[in-house]
Structure formats: structure tokens, C-alpha cells
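Work through the exercises below with the structure in view. Try each task before you read its solution.

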There are 2 protein chains.
Amino acid sequence: MRQLRVNQGSGYGLAMGQQMTNLALTHAPSGPKALLFDQSVGWFALELANRLNIKHTLGLAAGEGCKTLEVFGQCLSWLAQAALPRNTTLYVVGGGTLTDLGGFVAASYLRGIGLISFPTSTLAMVDASVGGKTGLNLPEGKNLVGAFYPAQAVYIDLTTLDTLPQPLFKEGLVEAFKHGLISGDTRLLQLDDLAPTWSGLEDYLWNAVHVKVKIVEADPFEQGVRKHLNLGHTLGHALEGVTGHRISHGHAVAYGLVYAALLGQAVGGMDLLPVVQKLLNWLKPQPLPPIAFDQLLPFLSRDKKKVGQSLSWVVPLAPGRLEVRPVEDKVLLEVYGRFADHLSQHGLWLR
Amino acid sequence: MRQLRVNQGSGYGLAMGQQMTNLALTHAPSGPKALLFDQSVGWFALELANRLNIKHTLGLAAGEGCKTLEVFGQCLSWLAQAALPRNTTLYVVGGGTLTDLGGFVAASYLRGIGLISFPTSTLAMVDASVGGKTGLNLPEGKNLVGAFYPAQAVYIDLTTLDTLPQPLFKEGLVEAFKHGLISGDTRLLQLDDLAPTWSGLEDYLWNAVHVKVKIVEADPFEQGVRKHLNLGHTLGHALEGVTGHRISHGHAVAYGLVYAALLGQAVGGMDLLPVVQKLLNWLKPQPLPPIAFDQLLPFLSRDKKKVGQSLSWVVPLAPGRLEVRPVEDKVLLEVYGRFADHLSQHGLWLR
């Protein structure tokens, strides 16, 4: 088992290993408890509920469909109907969509109750679990509503990966790969062995979490360096939006990283395309339908990283060296052409 | 004009007087602006929008009906549809329901944008405007959802009282009277002259705001002394709930103060009933329908001040001396009988 303390807000513990329910029991806060869980890891959630003697539980089908104001309202009413008071702790067990939802529920119910998180997907483990970003989607775009609300403790139990579908296992690690590009930790750019059974998996995940922790500690409210975590997400979110989420988040971000690599080269950075192509080879993402750049514009302008009139892009110049900057429309369009060409050559751009 | 700085969070200015739009213009932050306003003070909001050149405006019918997740979603979509970025400032002009809603919108949109508040009712001026409590109602109860999110600036423009209906003018001052009981500032317990035209009104309101500021500064997250502000609200909220909000908030709190006064006497405090009766004489609240104590129980148990298994009451022992404590059911019931008797004698308990 590994543990560290995240120095964000009043600080919180993060632990990774097996049998985290034992640790969670040892460190359980006093007061009432409720458990919100992703039905796909119901087996794990029920074990936790038993160990901690949590009676008030709610299982949801995870996915972007649960990050709505409607489901948010259902969760709040579920807490209110049991008249749970302010000293309640909400345990959240699930992937990134559920921890995003559950975090905002905990942030908002009675203006904030306790939150303890059990991320159960690779995405949630290496990304969503740390840093306190919670959020919901609006019809107008993803993650447009939410709060910065760190959990009091994060338990990463690797046994939950046993039932994570292989596509989700891979998609989540796109964020770990992204952390490698951001930090320059090149171990995170080596994907060949990455599988649930690989003996090096725990090390790999721990290194990825570590990158996120360092960035969040340096910039808790995304005023500066934390924006780097959006690498690949500006185009990624727009691809998700324009396809009505028929492209998964992990695949969309992988494509976003390809675009970012080309953008970096266009503004004088090193050629990162071969590095990112290794990600595509390993991931084998769903091919993109042909999308004109103009179709992306409404989704780009709504991106949260837009400040004032110009949209900022996270541009990688080399592993560990990034710039957050506006990019001229002409360059964006030109690079988009190269992006489409590159994907076409690899059979990832449908005609 | 009067100004003070509230030492809560990173601190914010509060100003009271006439022609606050001038001051707001001088101190306007850079970046995009949007304006959410209560239609009943549309005349004032439009003047503000003109002065500050705010193009993106939304007028709502204020009242508890706007403190729903549905209207919350409409406001968020209104911001998202204009693709307003993180450095946006939301100006909110209205009474307490609108500033509660608008504050939570600002807290949640893109995980938090700027907020500048123009409270336009006496309630919002002396109570809701300071302290950063924002919130919505659920079907299960009032203010069960929200965030602590102080405005960056609060401008109390007394000209907005010109169009405040007389019943609302009076109801809001129930909170000012409550501040007198809490602080022991007996000037706030003198109501006879209180009218929109009274020359002492600005002094009175400023003194009331001052009580709130001091309490919020001492206890920003309601861990201790801020709970005193809930004086009269435990029973008040339950009366609102059981009558389906046919009793207004101000009247409900006034009745709650009567009950609290009797409770204080029952546990050994001084007899505050004559003091609170002066409030009833001045307010002339809507009489209560006969309500059995049992009917209130489901609404009491959902009160946010409940921690663990026992409900805490704010009990006044004398002006400026309060206790937050559980009270035995037997005492609660007994005092409720005296409460009903007292109101009957004054024609405020319907048969």
C-alpha cells in the first residue's frame, strides 16, 4: 500500500493498493454516512457499505448521462429525504462521471458535507480523484457547472479494476499518458505492457497520480499551471460535443493530443507526433467521422479555458514544456488539415 | 454614503446609500459582465445595465419559486449560451430569493465566476447580502442546496426601497429585530418609527448590517456563533413548510421569535415575550392556522441545524445572550402550548 498527503485546502490523504476498505474503516469519520455508487462496481460498494455499516445507499448507472442537473437533484433529494445533517459524510464509489457528480452533491447539500472518494476506473484514479474538481454538464457543454471541492480522503482500491471493461481501462490511461507529456516523466509514455495483469501497473498509476498531485498543489484553482492538465481537452471536448458524445472522452482526448502535438510543432516546438502516435497504436481509438473545422467552432468557444475574447490552447513544445496561449485561426485551421491527413493515413478518419 | 470592509474570505466591500450605480461603475472589474435581476426592480436594474454597459441581462419573477434547481439550470444555460468565460462577473439585483439564487449560479457556473450583489429588499439588505450564503430549495425543504460564496462587493442602494411593497419592507426588518436580540443592540428593538420615509432608517439598517458582518467575520462557515442567526428560524422554517409557504418568511420568523422567547424563559432565561410582542404589534402578521406540534416534526427534523440525532435550538436568555442547545421534547411541546395560547390571546391563532 502507498499513501501520500495532498496539500490542497486543509489537505487530504490519498492511498492506493488492495483492500482499501480496511483502511477506510480505520479512518472513518464519526457521524452519519451515505454511499453513492456506480452500479457497475456494486459488488465493491456493497462490501464497503457492509464494512462501514452504511445503510443509506444509492446506486446509479454511471456515464455522462448521470452528470445532469436532474440526477443531481435526485441525489440531493435522496439525502434530504433521510434528513441527513451537516456532519454527514458522503462516500462516492465509481468512475469519473460518478465522482464528478457525487463531489458536487457533497459540495452543495446543506452547503457542503463530508466527501470520501473511491475512484474505480483508471480515469478516475489518475485524474478525477485528485484536485477537487467536481461538475455537471449542461445542454450547452460539458463540465460547465460545479465546484472546487476536494474529498477528505481518496482510496484507490486496485481490485476494482478487475471488473473494469478493457476499453475503459485503456481510455483512462490516456490521461496518464497526458500526464507524461505534461511532466516530462517519460515512464508514463511507455504503454506497451499496460494491462490489468501487468506487475508494473501499480507503479505506473502511482507515478501518474503523482503528476496530478504536484500540479494541483501548485495551483489549486486553475489560475496557472493547472491549465496544463487541459492538454488535448480543448479539441477533445469539441469532438465529443460535435459528435453528440458518440466519441468517448478517452478517445476524444487522444485525438486532442494528436492535434496538440501538431500545434506544438507549428509554433516551433519539437515533433511530438511519433510519441503520440504510439498512444493511438496502443489505444486503437474509434475512427472519427469527417468533421469540418467550422463545425467545431461553437463547441470551442464554450470551452472553460476561454478568457476574454480569445481561446487559449495548451501547446506542448516538448515533454515537460508547455505553453498556454492563443493561436491564430489561420494556424488552427492549417493544423486541423494536417490532423485530418494524419488520421486518414492511419485509417482513423472516415470518408 | 457609508462603506465598510467585510473580513470574510479574501474580504469584500459593502456600501450603503443613494446612487450606488456611480460607485459600482467606478469599481467595476474588467472582463465580461452579465446581470440577473428581479423584475420588480427592473427600473433600477436597467439603469445599472446602462451605466455599466451590460448587454447580457435576465429578469426573473422573484420569490421562493425562483429558488429551484429548474430555474438554476435556466440561469446557467443563459450564461453558457452566451459562452461567457471564467473571468465574467455576474451582477445580481434583487431581494433575498434572487440573491440566494444568483449567488449559487455564480458559485457554480464554470466552478465559480465573479459576483457583485445589489440587495433591493430590507431582508436582503440586512441579512442575505452579507456572509456568502447562497442557496436553493428542494421539494424536501428550504435552503437545502447551496454554497458559501461571498460576493466581491455588495451595494445597498436605498432608492430601491421606493418600490418595495410595504409588507415586504416590514417583513425584512424582522431579521433586523432578530439581530437586535442576538447582539443586544437595543436600538434594533425599537420599531415604532420604522417606515421607508423615516430619517433614521439608514442608521437603523446600517446598525443591523453591522451585527451580521461581525458574526460572519467571527464564524464564516457557521461552525459556532453564526448559528445564532438562526434564532427563530427553526420553528419559522417548519411553519413555512407545514403551511406550504402560505405564511411568509418574515411572519414565520416573527412567530419563531415568539416561540424562542418562550423557550428561553422555560430554560431559565429572562422573559423576552414583551419585547417580541412589540414586534408582533408592529408587524401585524398573518394569523396562523391551528397547527399541532406533531405536524411540525417532519419539517423540524430536516432543519439544517440538526446535527447527529438531536435538533439544536437557538435559545435567547436575554438580549445579547444566546445558547445553542438541544431541548427535551417535553419542554418543546409544553412551550408550544403556551405559544398557541399567547397567539390566541392576540387573535393570531385561527380556530
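pLDDT is the predictor's confidence in each residue, on a scale from 0 to 100. Keep it in mind, because this is a predicted model.

**Exercise 1. Confidence**

Task: Find the mean pLDDT of chain A and the share of its residues that reach 70 or more.

Solution:
- Step 1. Take the mean: for chain A the pLDDT averages 94.
- Step 2. Take the share: 97% of the residues of chain A reach 70 or more.
- Step 3. Turn to the complex. The predictor assigns an ipTM of 0.89 and a pTM of 0.90.

**Exercise 2. The sheet**

Task: Give the strand order of the open sheet in chain A, and name its edge strands.

Solution:
- Step 1. Read off the order. In chain A, 7 strands run β1-β2-β9-β6-β5-β3-β4, with mixed pairing.
- Step 2. Look for strands that pair on one side only. In chain A these are β1 (2-6) and β4 (56-60), the edge strands.
- Step 3. Add the twist, which averages 15° from one strand to the next.
- Step 4. Inspect one pair. In chain A, β6 (residues 114-119) and β9 (residues 153-157) pair in the parallel sense, over 2 bridges. A:I116 has A:A153 in β9(A) as its bridge partner.

**Exercise 3. Helices on the sheet**

Task: Which strands does helix α3 of chain A touch, and which strands does helix α7 of chain A lie across?

Solution:
- Step 1. Start with α3 (residues 69-81) of chain A. This helix packs on the sheet and touches β3 (33-38), β4 and β5 (89-94) of chain A. The direction of α3 makes about 165° with that of β4(A).
- Step 2. Go on to α7 (residues 201-218) of chain A. Helix α7 lies across β1, β2 (12-17) and β9 of chain A. It runs at about 10° to β1(A).

**Exercise 4. Two chains**

Task: What turn and shift lay chain B on chain A, and what kind of axis relates them?

Solution:
- Step 1. Superpose the copies. A turn of 180° with a shift of 0.0 Å along the axis lays chain B on chain A, with an RMSD of 0.0 Å.
- Step 2. Name the relation: a two-fold axis.
- Step 3. Compare the surfaces. The same surface serves both copies, as 100% of the contact residues of chain B recur in chain A.
- Step 4. Locate the axis. In chain B, B:L69 comes closest to the rotation axis, with its C-alpha at 3.6 Å.

**Exercise 5. The interface**

Task: How many residues and how much buried area make up the contact of chain B and chain A?

Solution:
- Step 1. Count residues: 36 from chain B and 36 from chain A.
- Step 2. Take the area. The two chains bury about 3100 Å² between them, 57% of it on carbon and sulfur atoms.
- Step 3. Look for charge pairs. The rule finds 2 salt bridges across this interface. One salt bridge joins the side chains of B:E222 and A:R86 (3.5 Å, N to O).

How values were computed. Residues are numbered from 1 along each chain as its sequence is written. Chains are lettered from A and ligands numbered from 1 in the order in which they are written. This is a predicted model: local features need pLDDT of at least 70, side-chain atom pairs count only at pLDDT 80 or more; totals for chains, interfaces and linings use all residues. Side-chain values use heavy atoms; hydrogens and water are left out. Copies are superposed by least squares on the C-alpha atoms of residues with pLDDT of at least 70 in both. Contact means heavy atoms within 4.5 Å. Two strands pair if DSSP finds at least two bridges between them. Helices (H or I, at least four residues) and strands (E, at least two) are DSSP runs, numbered from the N terminus. Axes are lines fitted to C-alpha atoms, for helices over the stretch in contact, and angles run from 0 to 180 degrees between N-to-C directions. Buried area is the accessible area (1.4 Å probe) that two parts lose on being put together, summed over both. A salt bridge is a side-chain nitrogen of Lys or Arg within 4 Å of a carboxyl oxygen of Asp or Glu.
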